[in-house]
Amino acid sequence: MTLFAFVALALAMLTLGFKVRLPAGALPLGSLGFALLALGLAWQAQLVSLSAAAVLLLQAALALWLVLCSAPRWFTGAGWVLLILLALATALHWLPGMQNPLLVDAQQLTPDAIPYTLYANFDKGWAGYCLLFALWPTQQQGDLWQRYRRGFWPVLPLTVIAALGLALGFGLVQFAPKLPEFWLSFVACNLLLTCVAEEALFRGLLQRPLRDSLIGRGVHQGAAAWLAILLVSLLFGLAHLAGGWAYACVAAVASLGYGWAYQRSGRIEVAVLTHFAVNLVHFSLLTYPMLR
C-alpha cells in the first residue's frame, strides 16, 4: 500500500501537463485523480493521520482554487500566502500525523563518508505537488523542444561542473564512484520528493515573482532576471547552511545554474532536472553526502 501511494503521487506530478477542457477552463483531471488516490492510499497505509490528510487536502483545494479563481488581487494574494505557509510547514515536516518511511538508516556509502539516512518524505512530495499544480498556468508555452534545449544546454553541464568542482575544491568530497543497492530509491525520492518541492518554491514562487517585481519597478529585463537569480541563490545557500559555510556556498553556486535554466526555458521541470542531475552525479561519482 505504501509503495502504491508514492507511485500514485509520482503519476500525479507526471500528468500535470495533460488537461481536460471544461466550462471553467482546462484542468489536469487525471493528475488530480492520481493525487487523491495517493492521499487515500497514504491514509490506508498509516503514513498520514486523518487530521494531517485534511490539511493536505486543503493544500490541494487551495492550489485548485488559485488556478480557477478570478477574485480580486488581494484575495488571491492571501490564498497564495496561505498555500505557501501550509506547503512550507508540510515540506519541513512540521505537520503532525505524518509517518515518512525510513529507507536507509545511517549507512556509510564509502569508508570516509558521513553516514547517510534516507526517508521517503510523502509530506514534502505532496507540498511540491500542490505548489507545482498552482504554478503550472505560469509555465511558458510554445515550442517545448526549443525551450528544453535552451534550458539544458549549456546550462546543465556547466552547473554540474561548477557546483561539484567547487565541492571538490573545498574538500567536501572526492572521487568515489559507486552504485549502492538502494540507488533506485534514491533516484525516485530525490527527483520527485526533493527537487520538485525545492524548485517549485525557489524558482516558481520566489525567482519569477521577484524578477517581475523588479521589471515593474523599472529595472532592465536582463538585469532583473539575473538579480532575481542571484538573490534567490543566496537564500538557497542560506537554507543549506546547516551543512557548513562551504556546503552553503556550493548550494548557492548550484542554485545559480538552476535559476539560469529556469530563466532560459521558462519551465520549472527544466530547473528540477538540472537540480537532479547535480545530485545524481554527486551521489554516483563522488563522496556522498560528504567527507567526514
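## Helix packing, core and backbone features of a predicted model

Pro154 sits in the loop that runs between α6 (144–152) and α7. In this predicted model, the peptide bond joining Trp153 to Pro154 is cis, with omega at about 0°. A cis peptide bond is also found from Tyr288 to Pro289, where omega is near 0°, and Pro289 belongs to the segment after α11 (268–285).

### The α7–α10 pair

The helix that follows the loop of Pro154 is α7 (residues 155–170), which packs with α10 (residues 245–265) at an angle of about 175°, the two axes being 9 Å apart. Because an angle over 145 degrees counts as roughly antiparallel, α7 is roughly antiparallel to α10. On the α7 side the contact is made by Val155, Leu158, Thr159, Ala162, Ala163, Leu166, Ala167 and Phe170, while the residues of α10 that meet them include Trp245, Cys249, Val253, Gly257, Trp260 and Arg264. By class, the contact of α7 with α10 comprises 16 nonpolar, 2 polar and 1 charged residues. An α-helix has 3.6 residues a turn, so residues three or four places apart point the same way.

### Helices α2, α5 and α9

For three helices, the number of residues can be set beside the distance between the end C-alpha atoms and the span expected at 1.5 Å a residue.

| Helix | Residues | Length | End-to-end C-alpha distance | Expected span |
|---|---|---|---|---|
| α2 | 29–44 | 16 residues | 23 Å | 22 Å |
| α5 | 122–135 | 14 residues | 20 Å | 20 Å |
| α9 | 221–239 | 19 residues | 27 Å | 27 Å |

For α2 the distance between the end C-alpha atoms agrees with the expected span, and for α5 the reach is close to the expected value, as is that of α9.

How many of the residues of α5 are buried? The count is 14 of the 14, so α5 is largely enclosed by the rest of the structure. In α2, the buried residues are Ser31, Leu32, Ala35, Ala38, Leu39, Leu41 and Ala42, and what covers them includes α1 (2–14), α3 (50–68) and α5. Just after α2, the backbone at Gln46 takes a positive phi of about 65°. In α9, the buried residues are Ala224, Ala225, Ala228, Ile229, Val232, Ser233, Phe236 and Gly237, and these pack against α8 (183–216), α10 and α11; α10 is thus a neighbour of α9 as well as the helix with which α7 packs.

### The nonpolar core

The largest nonpolar core has 80 residues, and the members that touch the most others are Val48, Phe122, Trp126 and Tyr129. Leaving aside residues up to four places away in sequence, Val48 touches Ala42, Trp43, Ala53, Leu56, Gly97, Met98 and Phe122. One of these contacts, Ala42, is also listed among the buried residues of α2.

### Loop residues and positive phi values

Two residues in the loop between α4 (73–91) and β3 (102–107) can be described together, namely His93 and Leu95. His93 has phi near 65°, a positive value in a residue other than glycine, and is partly exposed, with a relative accessible area of 41%. Leu95, by contrast, is buried, with a relative accessible area of 14%. Leu95 touches Ala52, Val55, Leu56, Ala89 and Thr90, not counting residues up to four places away in sequence, and its C-alpha atom is 8.2 Å from that of Asp123, although the two residues are 28 apart in sequence. Leu56 is therefore a contact of Leu95 and of Val48, where contact means heavy atoms within 4.5 Å.

Ala106, in strand β3, also has a positive phi in a residue other than glycine, here near 50°. Ala106 is partly exposed, with a relative accessible area of 45%.

Is Trp136, in the loop between α5 and α6, buried or exposed? Trp136 is buried, with a relative accessible area of 14%. Beyond residues up to four places away in sequence, Trp136 touches Leu16, Gly17, Lys19, Arg267 and Glu269. The C-alpha atoms of Trp136 and Pro28 are separated by 10.0 Å, with their positions 108 residues apart along the chain.

Definitions and conventions. Residues are numbered from 1 along each chain as its sequence is written. This is a predicted model: local features need pLDDT of at least 70, side-chain atom pairs count only at pLDDT 80 or more; totals for chains, interfaces and linings use all residues. Side-chain values use heavy atoms; hydrogens and water are left out. Axes are lines fitted to C-alpha atoms, for helices over the stretch in contact, and angles run from 0 to 180 degrees between N-to-C directions. Helices (H or I, at least four residues) and strands (E, at least two) are DSSP runs, numbered from the N terminus. Angles under 35 degrees count as roughly parallel, over 145 as roughly antiparallel, 65 to 115 as roughly perpendicular and the rest as oblique. Ala, Val, Leu, Ile, Met, Phe, Trp, Tyr, Cys and Pro count as nonpolar, Asp, Glu, Lys and Arg as charged, and the others, Gly among them, as polar. The expected span of a helix is 1.5 Å times one less than its number of residues. Buried means under 20% relative accessible area, exposed over 50%, partly exposed in between (1.4 Å probe, protein chains only). A nonpolar core is a set of buried Ala, Val, Leu, Ile, Met, Phe, Trp, Tyr and Cys residues joined through side-chain atoms within 4.5 Å.
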